[in-house]
Each structure stands twice: as C-alpha cells, then as structure tokens.
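Here are a few exercises to work through with the model open beside you. Try each task yourself before you read its solution.

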Amino acid sequence: MAGAELLRRSAPLAALAVGTCALVLDVCSGSLIANVGMFTDLVYAAVLYGPQAAYRFIPRATEVLTVLGTLLAVALIRKPDALLVGIALGLITIAPAWTGVGVRVHRDAARSARLAAERTALLAELDRREAVGAERARMARELHDMVAGHLSAIAIHSTAALSIGEAETSREALAVIRENSVQGLAEMRRLITLLRTGEDVPAATPTLAGLDALLAQARGAVPDEGRFRFVLHDGRGPGPLPAPVELAAYRIVQESLTNAVKHAAPGEVTVRLSRTADGPLTVSVTSPLGDDRPAPRAPGSGAGLVGMRERVALLGGRLETGPQSDGAAYWEIRAELPVESEEKP
C-alpha cells in the first residue's frame with residue numbers, strides 16, 4: 001500500500017489497482033487503520049489526477065460497490081450490525097471519491113478562468129497595438145498633409161532663388177519661404193502640443209469651402225506663375241456633405257496640388273468636384289506630364305499617396321492614380337467618396 005502511494009500522481013489508476021489488491025489482502029489478514037487511510041488517499045488521487053473517464057466512473061463505481069457490499073453483508077449476517085459494513089465501505093470509497101470530484105471541479109474552473117483571463121489580456125494587448133498603429137497612421141497623415149505642402153514650397157522657391165540669381169525674384173521667393181515657414185511652424189507646434197499633452201489646440205477643420213484659398217496657396221508656391229494655371233470646377237451641388245467626407249476630399253485636393261507643384265510640367269492643373277443625386281462625391285485632380293519643368297522637381301517619398309489611400313479606405317471609397325486613359329499627357333488622381341444619406345425622421 002505504501003508503494004502504491006508513490007504512484008498516486010504519476011499513475012493514479014495503477015496505484016488504485018495495486019492499493020485495492022493490497023486492501024483485500026489486508027482485510028483478510030487483519031486490517032490495519034494505516035492501510036485503510038492510505039487506500040482512501042488512492043481513491044481521492046485517482047479521481048483528482050486520473051483521466052476524464054476515471055473522474056466520471058470511479059464515484060459511480062464506489063456507490064455501486066457500497067450498495068452491493070451492504071446487501072451482501074445483510075444477506076450473510078442477517079443482523080442490523082451488517083449496516084456498519086455499508087457505512088465503512090462508504091467512508092473508505094464514496095467519501096474520498098466525491099471529495100476528489102469537488103476539488104477537481106474547482107481546479108478545472110480555476111484553470112478555465114485563468115485561460116479566459118489570459119485570452120482577454122491577449123485580446124486587450126492586440127486591441128491596444130491596433131489602436132496605437134491606427135493613431136500613428138492618423139498622425140502621420142495629418143503631419144504630412146499639413147506640413148509637406150509648406151516644405152515643398154520652401155524647397156521649390158529656395159531652388160529658384162539660387163538658380164535664377166535675380167534680386168527681385170529672390171526677394172519674392174524669400175517672402176514665400178517665410179510665409180510657408182511660419183505656417184509650417186504653427187502646424188508643427190500644434191502637433192507637438194497634441195503629442196506631448198494629448199490636448200489638441202483648437203483649429204478650424206478644413207472644408208471644401210476653402211478650396212479657393214488652397215488653389216491660391218498653390219499658385220503662390222510656384223515661382224513662375226505664368227506657366228502654371230490652377231482651375232477649380234465645383235459641381236458637388238448645394239447639398240451639405242458629412243464632415244469626414246469634406247475633410248477627406250479637402251486633404252486629397254491638398255496633397256494632389258502639392259504633388260502637382262513638386263512634379264508637374266507647366267500647364268493647367270484642374271480640380272473637379274462632382275456628385276449626382278444621392279451618389280458618391282467624386283474628386284478629380286489632373287496635372288500635365290512632361291520633362292519641360294522650369295525648376296528641378298522636389299524629392300518625394302510616396303507618403304502622400306499612401307495617406308490618400310488610407311483616407312479613402314476609411315470611408316469605403318475608391319482611389320485611382322495614374323495617366324489618363326484617353327492617352328492625354330495628364331496625370332490624374334481620382335477618388336470616389338461614398339456619402340451616406342441622413343435618415344429623415
């Protein structure tokens with residue numbers, strides 16, 4: 001019996017089988033209380049550490065064994081004292097078996113709760129990483145859209161001032177450089193404040209009503225205004241647009257004009273806004289292609305196109321970029337932004 005106790009964790013069913021044989025021999029040769037105590041521990045260990053089948057079978061088997069043992073004792077002894085045999089069987093079999101059942105139920109419940117807590121923590125960590133990634137992407141879009149245009153104008157005008165060498169041209173270029181520097185610093189200051197404190201400095205949200213000022217800013221960013229023309233065709237209709245749609249359309253036009261100032265050949269840059277009844281808002285910006293640019297092209301990283309695609313994807317729209325399909329020497333950026341109709345009461 002003591003040897004079977006050594007197997008109670010590693011092989012609980014084998015230990016119970018050995019212990020049962022030892023108990024039978026012990027009862028036949030004069031029972032010792034120590035052997036009975038160790039046998040109850042083997043029953044308990046078989047239920048607690050055994051496989052799922054043993055966990056379900058052993059308690060039922062002990063109940064059947066106790067009933068059969070009690071009936072057999074009553075049939076042989078035919079005295080009320082025979083019930084003491086049933087009580088003894090119940091104490092050494094049923095009691096430890098159901099004690100093991102209770103402990104195993106609580107252990108499995110604790111394990112399930114621990115696994116559920118680990119899954120919840122993992123999901124929370126994944127949500128946190130996704131939220132951080134989304135916020136970083138949003139800040140990158142805002143930083144690029146608000147600052148890249150100013151820096152592009154500074155780069156273009158400083159290049160023109162260095163290459164032309166005329167006093168009047170240099171003075172005009174320095175004025176444009178200073179204006180864009182001040183505006184870029186203001187935007188950078190607002191973003192830095194937001195990143196450090198989490199409190200956004202109040203600023204007017206851009207809308208499509210400010211496209212005229214945006215085109216005027218693009219005209220001022222070009223050193224030779226006579227060789228570039230910026231034209232706006234607003235056909236979006238009088239109906240209001242949701243704020244996210246207006247902001248996305250404004251940023252797409254802003255980035256497209258920045259790209260035109262940096263890379264387009266001399267010619268007409270056209271901005272078109274159109275919308276049918278209850279249809280999506282279509283934003284199209286075309287700029288001429290060619291190598292006869294009067295000033296060197298400003299370097300680009302492609303982050304602007306990535307930001308435009310992200311903005312359009314957030315609204316469930318579609319973005320197309322590339323040369324026009326009709327064979328004309330124009331580069332076109334075309335975005336379709338769905339406009340959800342507001343439900344009337």
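**Exercise 1.** Find which residues Asn 35 touches, not counting residues up to four places away in sequence, and decide whether Asn 35 is buried or exposed.

*Solution.* Keep in mind that this is a predicted model. Start with the location: Asn 35 belongs to helix α3, residues 33–49. Next, look for contacts beyond four places in sequence: Asn 35 touches Met 1 and Asp 26. Finally, take the relative accessible area, which is 16% for Asn 35. Buried means under 20%, so Asn 35 is buried.

**Exercise 2.** Work out which residues make the nonpolar surface patch of about 380 Å², and say where Leu 71 is found.

*Solution.* The patch is made by Val 64, Val 67, Leu 68 and Leu 71. Now pick out Leu 71, which sits in helix α4, residues 52–77. Its relative accessible area is 54%. The cut-off for exposed is over 50%, so Leu 71 counts as exposed.

**Exercise 3.** Explain what stands out about the phi of Arg 78.

*Solution.* First, recall the general rule: most residues other than glycine have a negative phi. Then check the residue: Arg 78 is not a glycine, yet it has a positive phi of about 60°. Now place it on the chain: Arg 78 lies in the loop between α4 and α5 (83–164). To finish, check its accessibility: at 69%, Arg 78 is exposed.

**Exercise 4.** Lay out the order of the strands in the open sheet, then find which strands stand at the edges.

*Solution.* The sheet has 5 strands in the order β1-β2-β3-β5-β4, and the pairing is mixed. At the edges stand β1 (228–235) and β4 (318–323); each has a single partner strand, so one side of each is left without a neighbour in the sheet. On average, neighbouring strands here are turned by 10° against each other, direction ignored.

Now zoom in on one pair. Strands β3 (residues 281–288) and β5 (residues 330–337) run antiparallel and are joined over 8 bridges. Within this pair, Val 283 stands opposite Ala 335 in β5.

Last, add the helices that pack on the sheet. Helix α7 (residues 211–220) touches β1 and β2 (267–275), and its direction makes about 170° with that of β1. Helix α8 (residues 243–263) touches β1, β2, β3 and β5, with its direction at about 5° to that of β3.

How values were computed
Residues are numbered from 1 along each chain as its sequence is written. This is a predicted model: local features need pLDDT of at least 70, side-chain atom pairs count only at pLDDT 80 or more; totals for chains, interfaces and linings use all residues. Side-chain values use heavy atoms; hydrogens and water are left out. Patches are made of residues with over 30% relative accessible area and no salt bridge: like charges are joined within 9 Å, nonpolar side chains (Val, Leu, Ile, Met, Phe, Trp, Tyr) within 5 Å. Accessible areas come from the Shrake-Rupley method with a 1.4 Å probe; for residues, only the protein chains shown count as cover. A salt bridge is a side-chain nitrogen of Lys or Arg within 4 Å of a carboxyl oxygen of Asp or Glu. Helices (H or I, at least four residues) and strands (E, at least two) are DSSP runs, numbered from the N terminus. Buried means under 20% relative accessible area, exposed over 50%, partly exposed in between (1.4 Å probe, protein chains only). Two strands pair if DSSP finds at least two bridges between them. Axes are lines fitted to C-alpha atoms, for helices over the stretch in contact, and angles run from 0 to 180 degrees between N-to-C directions. Contact means heavy atoms within 4.5 Å.
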